[in-house]
Amino acid sequence: MNRIKNIFHRVRSKIAFYPSLISIIGVLFAFLLIYMEQRHISKYLMDIAPGLVIDNTETARTLLSTLIGGLISLMVFSFSMVMILLNQASSNFSPRVLPGIISNEKHQIVLGLYLAVILYNIFILVSIEPTKSNYQTPGFSVLIAIILTILCLAAFIYFIHNISQSIKVGTILNSIHLNTKNKLQNIIDNQEFKAFPSQENWSLNTIDTTGYFQGILSGDLLETCKNNDLKIVLKFRKGQFVLKGFKGLMTNKPISEEVKGKILKSLIFSSEELTGENYIYGFRQISEIGIKAMSPGINDPGTALNSIDYLTELFSLLMQINELEYWTDDKKALRVYAERNTFSEVLFNVLATYRPYCLGDIIVSQKLLYMLNILGEHVINSNQSEAIQEEIINIKKDLELQIKNSRDLTKIKEGFNSWS
């Protein structure tokens, strides 16, 4: 079941998922209407409301052909808009934001509606038989085609509005921030500290797969551990690239190749980086957008300042997360644990990318120092406090090397109030 869910979540993030699903519904709906036409639903409607039914075969064919051509043009234009959006987001922000835009369900549903109505109109058009004196034109089906086309036009207006909002850097930053915040908050709400036994004299096993580690199929892995009375330690982290032959799987006792194969099948590896439930990608995406904004080609310090604001809240949540991730079986017995990226590691990686590009701007520099000072008020342990103080010292040293204006340096040391 866990494996099926994992496959479903991967497929659902593809841009063709909802369009394909809705298209199938459109085809099935067309066959339903054809069946209803065979039961003389149009004749019944003619008796009740003749003004709603097109009773001329040639008029019905011409109308359906026009609707099909217009909807195809509308769909091509919409797909072109999506491609332009993806290209602009990749150029101006970061290629890593593309999966989030591609998996936007609203865009997929609109495109799926276009395809479904086009297919519906095609099947209804094909079902119209040659003109006979006693032949009843499928007027009810044509009426439904007109209504669906009007619905597509309304969806197109919504699509244009939504896509114009989606390309805004503020919208992208806020979306990544909320997604990452929810993941962090979910971990905080469900985490609990457990003492894991010492790994002295444990067996060290190699990984037989190359790829980015995305997580585990917890149900399958815990069942294997329970059936074989195993405890497992994963010596790699979510998002880490693991090379085949890497010795990163520790077990409390030697295991057979069969058991090892079951364990490895429960570990999710991918040939590409997928966001999934890994909150680290949120930090990376926000920091990359902020750094890209400081490049000479874009020159948008305001976006860099906004990215630091979002990172401040995310770091405050990250400080509350345990450095180890645990999995227990149905009897609450501790079976698996893996290391997480620590607060100090994530903080260093983020600021190590900001410092070379942002310290020439005193406003952004002050914002980084402000973030660190705010985080210093929320520390939970001494390690976090030491990491923050080290970053403050590093930023001030780099500032002395890059900024030659003594007044600017004095203002930064005094902690001036910037406008953002």
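This briefing describes the fold, the nonpolar cores, the salt bridges and selected residues of one protein chain. The model is a predicted one, and its secondary structure comes to 16 helices and eight strands. Of the 420 residues in the protein chain, 43% count as buried. Among contacts in the protein chain with a separation of 6 or more, 80% are accounted for by residues 24 or more positions apart.

**Nonpolar cores**

- The largest nonpolar core has 45 residues, and the members that touch the most other members are Phe-283, Phe-315, Leu-318, Leu-347 and Met-371.
- Two or more residues of this core come from each of the elements α8 (169–190), α11 (280–293), α12 (301–318), α13 (343–358), α14, α15 (382–402) and α16 (406–414), and among these α12 gives the most, with nine residues.
- Leaving aside residues up to four places away in sequence, Phe-283 touches Thr-180, Leu-184, Leu-311, Leu-314, Phe-315, Leu-318, Val-346 and Val-350; two of the residues named here, Phe-315 and Leu-318, also belong to the group that touches the most other members of the largest core.
- A second core, separate from the one above, has 37 residues, and its members include Val-53, Ile-68, Met-75 and Ile-144.

**Helix α14**

- Helix α14 covers residues 362–376, which is 15 residues, and the distance from its first C-alpha to its last is 21 Å, close to the 21 Å expected at 1.5 Å a residue.
- The buried residues in α14 are Val-364, Ser-365, Gln-366, Lys-367, Leu-368, Leu-369, Met-371, Leu-372 and Leu-375, a list that includes polar side chains such as Ser-365 and Gln-366 as well as the core member Met-371.
- An α-helix has 3.6 residues a turn, so residues three or four places apart point the same way.
- In α14, Leu-368, Leu-372 and Leu-375 are among the buried residues.

**Salt bridges**

- The structure holds 12 salt bridges, and side chains of opposite charge can pair in this manner when their charged atoms come close.
- Lys-181 and Glu-313 meet through their side chains in a salt bridge, with 2.9 Å from N to O; because Lys-181 lies in helix α8 and Glu-313 in helix α12, the pair ties together parts that are 132 residues apart in sequence.
- Lys-181 is partly exposed, with a relative accessible area of 28%, and Glu-313 likewise counts as partly exposed, at 28% relative accessibility.
- Arg-355 forms a salt bridge with Glu-391, in which the closest N and O atoms are 3.0 Å apart; Arg-355 lies in helix α13 and Glu-391 in helix α15, so this pair ties together parts that are 36 residues apart in sequence.
- Arg-355 also meets Asp-398 in a salt bridge between side chains, at 3.0 Å from N to O, and since Asp-398 lies in helix α15 while Arg-355 lies in helix α13, this pair ties together parts that are 43 residues apart in sequence.
- Arg-355 counts as buried, at 12% relative accessibility, and Glu-391 is buried as well, with a relative accessible area of 5%, whereas Asp-398 is partly exposed, with a relative accessible area of 23%.
- Elsewhere, Lys-235, Arg-237, Glu-339 and Glu-345 are joined into one network by salt bridges that share partners.

**Strand β8 and Tyr-337**

- Tyr-337 lies in strand β8, which covers residues 334–339, and it is buried, with a relative accessible area of 7%, because buried means under 20%.
- With residues up to four places away in sequence left out, Tyr-337 touches Phe-196, Gln-199, Ile-232, Val-233, Leu-234, Leu-324, Glu-325, Tyr-326 and Trp-327.
- One of these residues, Glu-325, is 12 residues from Tyr-337 in sequence, and the two are 5.3 Å apart in space, C-alpha to C-alpha.

**Surface**

- The protein chain exposes about 21900 Å², of which carbon and sulfur atoms supply 57%.
- Phe-29, Leu-32 and Tyr-35 make a nonpolar surface patch of about 280 Å².
- Leu-32 has its place in helix α2, which covers residues 17–38, and this residue is partly exposed, with a relative accessible area of 42%.

Definitions and conventions
Residues are numbered from 1 along each chain as its sequence is written. This is a predicted model: local features need pLDDT of at least 70, side-chain atom pairs count only at pLDDT 80 or more; totals for chains, interfaces and linings use all residues. Side-chain values use heavy atoms; hydrogens and water are left out. Helices (H or I, at least four residues) and strands (E, at least two) are DSSP runs, numbered from the N terminus. The expected span of a helix is 1.5 Å times one less than its number of residues. Buried means under 20% relative accessible area, exposed over 50%, partly exposed in between (1.4 Å probe, protein chains only). A nonpolar core is a set of buried Ala, Val, Leu, Ile, Met, Phe, Trp, Tyr and Cys residues joined through side-chain atoms within 4.5 Å. Contact means heavy atoms within 4.5 Å. Patches are made of residues with over 30% relative accessible area and no salt bridge: like charges are joined within 9 Å, nonpolar side chains (Val, Leu, Ile, Met, Phe, Trp, Tyr) within 5 Å. Accessible areas come from the Shrake-Rupley method with a 1.4 Å probe; for residues, only the protein chains shown count as cover. A salt bridge is a side-chain nitrogen of Lys or Arg within 4 Å of a carboxyl oxygen of Asp or Glu.
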